[in-house]
Amino acid sequence: MELLRCRLAATAASGPAIGTTVSCLPMAAGDVLDRGDPGTSLQLVMATYKVTVATGDMVEAGTNNSISITLVGSYGESRQTTISFLFLPGKVGMGIGTKGTRGAPSLLVYLVAPQAICPFPQKPFPPLQEKSLSVHCGQDLGPIVLIRLHKWRLFLEDAWFCKDVRVTAPNGTLYRFPCYQWLEGVTTVEVREGSGKKLVDDKLQILKEHRHRELAARQEAYRWKNFAQGWPRCLNVDSIFELDSNIQFSRIRANNFTGFLIFQGASHFLSGFLLRRSSWNSLDEMRTIFSRTQGRDIVTIALVPEYVAKHWQEDDFFGSQFLNGNNPIIIHRCTTLPLKFPVTPEMVAGSLGGGTDLGKELQEGRIFIVDYKVLEDIPTDTIYGRQQYIAAPLCLLHQGTDGLLRPIAIQVGVSHSKSCYEEGGNGSIPPCDLPQLSQTPGPHSPIFLPSDDEWDWLLAKTWVRNADFYSHQLLTHLLRTHLFGEVFAIATLRHLPTCHPLFKLLMPHFHFTLHINTLARTVLINQGGLIDKTLENMVWSLAPSALPNHGWPFSQGSGVTYEGLLLVVERGLEQVTYTSLCLPDDIRHRGMSHVPNYHYRDDGMSLWEAIESFVTGIVTFYYDGDAAVSGDTELQAWVMDIFTNGFLGRTSSGIPSSLQTVVELIKFLTMVMFTCSAQHAAVNNGQYDLGAFVPNAPSSMRHPPPSKKGRAFLQHFLDTIPEVATTANILVALILLSSQLKDRVSLAPQSPCAPSNSSVGLGNCKRCPQGWMSPPLVSPSLGDTHHCSTPTRVPENPQIAPRGSRVPDAVSLQRLLGQYPEEWFTEAEPRRLIRAFQGRLEEIRDRIEERNHLAELRYNYLNPLETENSISI
């Protein structure tokens, strides 16, 4: 047995000071070490540490560069020990492009078939690879508190993704070091032992210094900038190419995102839709675009877009979308009619039924209102040289004795004394000035009623749906999930070190958020982006090699100008309150606690309570009282950063600038996690379902609102909603935004119900429909979690699975709510809490699927199986 001669900077009795290098030199067994004190010596017994280093399971995670490790204990540190010069060569899978551009591939796409999304053969990954070694030291280093991973190269760069490191001490103690990051270039990365530690918990100076260095580096890397006046601040980068590798899309997700967009655009181009700048010939013709949509087929009891196409004219369906559509947070109970909406009892008497009147219904809480004031006087754009229009309608709804909501009065609103349409007369660009659309009542702003002519009433409802499109896309979706999610993510990176328990809790809910938001600012909501200009710009920015001819006739999509977009979001932020972000408070504030058939509320409350319970367990494990919360300076800096840069320091919002109690912390964390998971799923996942049939959610209107009744007819309606090319353009975006794009693959079957004739050997599942099977979802070290659901067809291309599709065998995976593939928590109690959280989500899923089983139109957007853990699309 070889011993090591180690010269120490401190006495053997006290142990070396932290940070002291233990220089290990070969010596014979039985040799003695001079302690440095006259007449003293010490015989050493070698301390051997067993180290296991694991690489990640994503594309090209391995490396052929040199990797070495240093162990840092409370008494000293080891020498740098080489792990391997050919470390974990995991370069198989679906990589496209060069390594080091994981989130921004150079993609060659063949515009002929769905397989063009990934033109290279799909190879499954090998099992997760690990490397074991021994590190020998002349004495026990004490508790291992830190490791250093060193990456070095002589010539070619080959980045490496480290999953984690496990160190077993001579006494058998296991130390776990979660890493989950890329090492690029010649670098040294320090990784803390995985126990969650607040600042006050760190006693060793080296750990305090490490904490300080980590946050200083993060605050330099993740800086704030202003995107637009009155908007939440955002990450100070100009493109996805400037993002740190650890927050970029994985290679698979980037390829899927780009390839899917290009393929959908190409399919519509080749089908002729993107070439047609004329109106649709009929309402029935609009349905033909569904059959041209590849990769986003949804098989439910009733195919959702087809269901919408059949029922969109019905008042029952119109009313239901305010409860269970894409924008379920805008409706309020109405107790007093606003002066700007002069609905009289006589107007609505026929819609209320016998034995009641408007006053009684208002008093008993059965009247509801939707107000799009935020859109008043928003500047509009042109599409193909034709002026577009935006209104700010008011809509009054009544809850009937059957519990259903139906519209009973709509004021579209236009204050101009003479309608431009009246002067133009033939659908051409009118010669008068553009109308200043407002909510001011008057003779030229009629109140439309269900008793009016069929096309007058239908057109009025369509104006409401157009306003809802903007309200949903810019406020409910963009502002209240994406922009706030980015604020939460940046503040977390800037103020919570990796070892902080709240960093471990929150980071899974920010996965890919900074990438998708940077992409949106670059190609979607920027000046010249999809909303402002063309889909071509978006495709060109993502993959210039896919568009050899930059003159492709991609159509424009939205009727709002870039300045109008900025103004709507600015107004929206001014109206945001803490109450409106906390679901239980918001439901009470809007008076929606007892409305029947409000599935968004019911499913959302179930998820809120599950998240809150999980958060409560985590917080009470790490914080023993209110003083621990108020005294956590990193936590207080985090909250203040959110208040200052996310909500612009507006105290009237009610957003806290500090957290003083455990209860306050639990509520705030629940709000953050709910916003970044369930709330985003609720307002994102149904965009294609409810928007594919364009009259139900028109992105632009080509005629001004009617100033008189009796002027609408079918052709006028077709000439008002978006033309064919604009419809196709918007549909491509909606398909992409509501699709499930995967970001990694696995050999093992993961959550799916799979057909019983699958070649995968799966057991029968009592919760799956007859003829379907389901394996458990295995979360390492956390146990098995069942995840089966109502089956749909297995798609031909598993990389872009329709929502609800279950794909067996080597398939890409998503990160759903409750799944934590990165095991940041190493203590037993947080891991137990995760298992309990997953079990509660299973119960919620079962209840939702039981309700959906016989539903004509199921509400599945808050099914945990459809709810991603973060805002990543």
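**Close-up views of a predicted model**

**View 1. Around Leu405.** Setting aside neighbours within four places in sequence, Leu405 touches Asp315, Asp316, Gly319, Ser320, Leu323, Ile331, Phe368, His398 and Gln399. This is a predicted model, and Leu405 sits in its strand S20, which covers residues 405-411. Take the pair Leu405 and Asp315: they are 90 residues apart along the chain, yet their C-alpha atoms are separated by 8.2 Å. Leu405 counts as buried, because its relative accessibility is just 3% and the cut-off is under 20%.

**View 2. Leu375 and the largest nonpolar core.** This core has 157 residues, and Leu375 and Trp638 are the ones with the most contacts inside it. Helix H8 (residues 454-495) chips in 22 residues, the most of any contributor. Beyond its neighbours within four places in sequence, Leu375 is in contact with Ile390, Ala391, Ala392, Ala467, Tyr470, Val568 and Arg571. Another core lies apart from the one around Leu375; it has 26 residues, including Ala47, Tyr49, Cys137 and Cys179.

**View 3. A salt bridge within helix H8.** Here the side chains of Asp468 and Arg465 pair up, at 3.6 Å from N to O. The two are three residues apart in helix H8, so about one helical turn separates them. Both partners are tucked away: Asp468 is buried at 5% relative accessible area, and Arg465 is buried at 8%.

**View 4. Arg176 meets Glu823.** This salt bridge has an N to O distance of 3.5 Å. It's a link between distant parts of the chain, 647 residues apart: Arg176 belongs to strand S11 (residues 174-183), while Glu823 is in the loop between strand S29 (811-813) and helix H22 (828-852). Arg176 is buried, with 19% relative accessible area, and Glu823 is buried too, with 7%.

**View 5. Glu130 meets Arg166.** Another salt bridge, this one at 2.8 Å from N to O, joins the side chains of Glu130 and Arg166. Glu130 lies in strand S8 (residues 130-137) and Arg166 in strand S10, 36 residues apart. Glu130 is partly exposed, at 42% relative accessibility. For the wider picture, the salt bridges come to 37, and Glu77, Arg148, Glu190 and Arg213 are linked in a network of them.

**View 6. A nonpolar patch at the surface.** Trp152, Leu154, Phe155, Leu156 and Val186 make up this patch of about 640 Å². Phe155 sits in the loop between strand S9 (144-152) and strand S10 (160-168), and is exposed, with a relative accessible area of 69%. As a backdrop, the protein chain exposes about 31,900 Å², with carbon and sulfur atoms supplying 53% of it.

Terms used: Residues are numbered from 1 along each chain as its sequence is written. This is a predicted model: local features need pLDDT of at least 70, side-chain atom pairs count only at pLDDT 80 or more; totals for chains, interfaces and linings use all residues. Side-chain values use heavy atoms; hydrogens and water are left out. Accessible areas come from the Shrake-Rupley method with a 1.4 Å probe; for residues, only the protein chains shown count as cover. Patches are made of residues with over 30% relative accessible area and no salt bridge: like charges are joined within 9 Å, nonpolar side chains (Val, Leu, Ile, Met, Phe, Trp, Tyr) within 5 Å. A salt bridge is a side-chain nitrogen of Lys or Arg within 4 Å of a carboxyl oxygen of Asp or Glu. Helices (H or I, at least four residues) and strands (E, at least two) are DSSP runs, numbered from the N terminus. Buried means under 20% relative accessible area, exposed over 50%, partly exposed in between (1.4 Å probe, protein chains only). A nonpolar core is a set of buried Ala, Val, Leu, Ile, Met, Phe, Trp, Tyr and Cys residues joined through side-chain atoms within 4.5 Å. Contact means heavy atoms within 4.5 Å.
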